[in-house]
Amino acid sequence: MDAGGTDPFAETDDQQALRQLARDVAERELTPNARHWDETEEFPQGSWDALRKADLFGITITEKYGGMGMGDVEAAIVLEELARADVSSAILAQLIFNGPPRAIEHLGSDALKERWLPMAASGEGLFCIGISETEAGSAVNHMRARLTADGDGYRLNAYKNYVTGGHKAAACLVWCRFPGSEGSKGIGAVVVDLTSDGVTMAGTHVKMGLRGTSEAELAFDDVYVAPEDVLLPGDPADSESFKTLIAHINHERCGNAAMCIGAAQGSLEYAVRYMNERTVGGRPIAELQGLQWKVADMATQLEGARLLLLRALHLAGPQGTPPALETAMAKTAANLAAKFVCDEAIQLLGGYGYSREYPVERAYRDIRGLCIGAGTVEIQRNFVGSQVVRGKTSASPGWRNPLV
Ligand SMILES: Cc1cc2nc3c(=O)[nH]c(=O)nc-3n(C[C@H](O)[C@H](O)[C@H](O)COP(=O)(O)OP(=O)(O)OC[C@H]3O[C@@H](n4cnc5c(N)ncnc54)[C@H](O)[C@@H]3O)c2cc1C
């Protein structure tokens, strides 16, 4: 029987076409090479070239700078499809869609947009974001990165840790203290050309997963920052710029959730195909009710996370920023669902699930990093809990987006 209603999150024809394009690129170019990038820890150049050829890098950048001017829903569609095949490759798109170019587009001057957005839209260069430091990860307001005045501009001294793609990027969005800043007051952000004098790539981390895209340590020693390179100035009298930057991270958090959902979807599909082919005692294991219950739990958690993400994305509107509470809920649900689904997929494949020759263990290792990046699950829970105990509910009418 027909359900009799319409799906409020149904994709438009254009969105469906975008999904198909991303899926075709992912299945043709990412799936066959994902294991290679993982085993060798090489930068997934083939994925980069394929995304560039398909014109996928520019989808969220305004037409004026060579992009297509789409929003968070479309970004999530592409990220989900790419991560369904390979999360390391999807991260390249995440850094463009929801990283520095998006911040420059929403918060930057015309000069910054003209300098960097055409490069991002065409896929000519990668971008990275330097927020975390060795002593300031979750407690980001303890950061030491600092600007000192130099003529009309500044000098930047900073050591940023875990900068995804920092070894390959053309520019880095660096969160830092403006002169006179203490605590969360006076924190702003600047865009640094990584070929500038004083920038050094101190090393890359050796990781469990996401091995195609390295996390770099970047040192900035007295790097000159021109006035036009300031994305958002910090005022030592208040923390308004810091709050704006934190709110803008919601784009990245939604992208992180989309990648988790994509990787979990890929693992679920792989496990279901395997269950229909694998026979034990003459019967496909898909017929075992105990295993069907696992699949039911996997699909239910995944769909719940997807719905939370869709709500956060749709609340953002075509050019807005996803709201904080709904985003934190979506990231938490997607991180936990992906951990559960990928883990159960390994179990359903038995011994083969544990082998690096099958893709589900790679997906598990990859999404594990996404539960830490862009604000850990615990930090999301802190925020959700602090809101709920104050009586705020999801999509609360009292909520106001500071960026709109
Ligand atoms: C794959 C990956 C990619 C990353 N990419 C980037 C990037 O591109 N740019 C960038 O700047 N950073 C990046 N990071 C860094 C990431 O943002 C930090 O690792 C993260 O914010 C946690 O900081 P930390 O590692 O210092 O852990 P800590 O802050 O030291 O936390 C350690 C543990 O304590 C918990 N914890 C901390 N404070 C609280 C609290 N108040 N309540 C409850 N629990 C708490 C944490 O959740 C965690 O479990 C990346 C990390 C990973 C894993």
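The legends below accompany an overall view and several close-up views of a predicted model.

**Figure 1. Overall view of the predicted chain, with its 12 helices and 10 strands.** The radius of gyration is 21 Å, close to the 22 Å that the globule rule gives for 404 residues, so the chain is as compact as a globular protein of that length. Taken along the principal axes, the box filled by the C-alpha atoms is roughly 80 × 50 × 40 Å. Of the 404 residues, 53% count as buried, and the chain exposes about 17,700 Å², of which carbon and sulfur atoms supply 51%. Among contacts with a separation of 6 or more, 74% are made by residues 24 or more positions apart. The chain carries 38 positive and 53 negative charges, and the mean positions of these two sets are 5 Å apart.

**Figure 2. Close-up of Cys172 and Cys128, in a structure that holds zero disulfides.** Cys172 is in no disulfide, and the nearest cysteine sulfur, which belongs to Cys128, is 3.6 Å away. A disulfide requires the two sulfur atoms to be within 2.5 Å, so a pair at 3.6 Å does not count as one. Cys172 has a relative accessibility of 0% and therefore counts as buried.

**Figure 3. Close-up of Cys371 and Cys260, a further pair of cysteines without a bond.** The closest cysteine sulfur to that of Cys371 is in Cys260, and because the separation is 5.5 Å, the two are too far apart for a bond. Cys371 has a relative accessible area of 5%, and is therefore buried.

**Figure 4. Close-up of Thr327 in helix 10, which covers residues 324-348.** With a relative accessible area of 1%, Thr327 is buried. When residues up to four places away in sequence are not counted, Thr327 touches Asn250, Arg253, Cys254, Ala312 and Pro322.

**Figure 5. Close-up of Lys185 in strand 5, which covers residues 185-193.** Lys185 is partly exposed, its relative accessible area being 41%. Leaving aside residues up to four places away in sequence, Lys185 touches Arg177 as well as Asp235, Pro236, Ala237, Asp238 and Ser239. The C-alpha atom of Lys185 is separated by 59 Å from that of Arg278, a residue 93 positions away along the chain.

**Figure 6. Close-up of Asp222, a residue other than glycine with a positive phi.** Most residues other than glycine have a negative phi. In Asp222, by contrast, phi is near 55°. Asp222 lies in strand 7, which covers residues 215-225, and is partly exposed, with a relative accessible area of 45%.

**Figure 7. Close-up of Ala374 in the loop between helix 11 and helix 12.** Although Ala374 is not a glycine, its phi is positive, at about 65°. The two helices that flank this loop cover residues 359-370 and 377-388 respectively. The relative accessible area of Ala374 is 16%, which is under the 20% limit, so the residue counts as buried.

Technical notes: Residues numbered from 1 in each chain as written. Predicted model: local features only at pLDDT ≥ 70, side-chain atom pairs only at ≥ 80, totals over all residues. Heavy atoms only, no water. Helix = DSSP H or I, 4+ residues; strand = E, 2+ residues; numbered from the N terminus. Rg over C-alpha atoms; globule rule 2.2 N^0.38 Å. Buried < 20%, exposed > 50% of the residue type's maximum accessible area, 1.4 Å probe, protein only. Contact = heavy atoms within 4.5 Å. Areas by Shrake-Rupley, 256 points an atom, 1.4 Å probe, with all protein chains shown as cover. Lys, Arg positive; Asp, Glu negative; His and termini not counted. Charge placed at Lys NZ, Arg CZ, Asp CG, Glu CD.
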